[in-house]
Amino acid sequence: MCVLIGTMGAGKTTVGRRVAAALGVGFADSDELVEEQAGKSVQDIFVEDGETAFRALEHATVARALGEHDGVLSLGGGAVLDPATRALLAPHPVVFLRVGLADAVKRVGLGTGRPLLLGNVRARVKQLLDERTPVYESLARITVETDGREPAAIAAEIVTALEGDRA
Ligand code: S3P
């Protein structure tokens, strides 16, 4: 199991799918697993049940996926804020997709479907990057720069780095 972390707009889902395809393994995304489990969108969970409920569901979902799923798992940007989730990541190759403010804002667009970005998207993304980058860095075994790069190139770099990690 390899785990992709990084903020919204880092490209975790897009790149994760490509890495999984290149390795010939399955792909899972924690937001999609949470949505399946809850039977509603992440946005609706935030609005109807609140962020605390979302985080609890997210932790349970990630814990199950790490135990069951054998492939590539992309985590929602805030999943690593939970110390219990962080502890579960230790045995796995964790890949941090680094993105700067400008590219992150470009990729998330107007933030539709991302409840934490409501309001001033640029200011929110900056705040999240500032708060979370040290956490992502502390967990990463592999860090890949994504600014100005295509998903295919980023995925290829990750596959090579994972091969080196296993060697
Ligand atoms: C969040 C990121 C989102 C999703 C939720 C909260 C966050 O996932 O889990 O909206 O706290 O950064 P992506 O990083 O896949 O957009």
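**A five-stranded sheet, its helices and a ligand**

In this predicted model, 5 strands make an open, parallel sheet in the order 2-3-1-4-5. Local features need pLDDT of at least 70 and side-chain atom pairs 80 or more, while totals for chains, interfaces and linings use all residues. Residues are numbered from 1 along each chain as its sequence is written, and side-chain values use heavy atoms, leaving out hydrogens and water.

Reader: Which strands stand at the edges of the sheet?
Author: Strands here are DSSP runs (E, at least two residues; helices are H or I, at least four), numbered from the N terminus. Two of them pair if DSSP finds at least two bridges between them. A single partner leaves one side without a neighbour in the sheet, so the edges belong to strand 2 (26–29) and strand 5 (142–145).

Reader: What is the bridge partner of Gly26 in strand 3?
Author: Strand 2 and strand 3 (residues 71–74) run in the parallel sense, joined over 4 bridges. For Gly26, the partner in strand 3 is Gly71.

Reader: What angle does helix 7 make with strand 4?
Author: Helix 7 (residues 121–139) packs on the sheet, touching strand 1 (2–5) and strand 4 (94–98); contact means heavy atoms within 4.5 Å. Axes are lines fitted to C-alpha atoms, for helices over the stretch in contact, and angles run from 0 to 180 degrees between N-to-C directions. With strand 4, the angle is about 145°.

Reader: Are helix 2 and helix 4 roughly parallel or roughly perpendicular?
Author: The axes of helix 2 (residues 30–38) and helix 4 (residues 51–68) come within 9 Å and cross at roughly 110°. Angles under 35 degrees count as roughly parallel, over 145 as roughly antiparallel, 65 to 115 as roughly perpendicular and the rest as oblique. Helix 2 and helix 4 are therefore roughly perpendicular.

Reader: How much of the ligand does the protein bury?
Author: The ligand has 14 residues around it (a heavy atom within 4 Å), with Lys12, Asp31, Arg55, Gly77 and Arg132 the closest. Its polar contacts (N or O pairs within 3.5 Å) include a ligand oxygen 2.8 Å from a side-chain N or O atom of Lys12 and one 2.5 Å from a side-chain N or O atom of Arg132. Accessible areas come from the Shrake-Rupley method with a 1.4 Å probe. Alone, the ligand exposes 390 Å², and the protein buries 95%.

Note on methods: A polar contact is a pair of N or O atoms within 3.5 Å; within protein, one must be able to donate a hydrogen and the other to accept it, and residues adjacent in sequence count only if both atoms are side-chain atoms.
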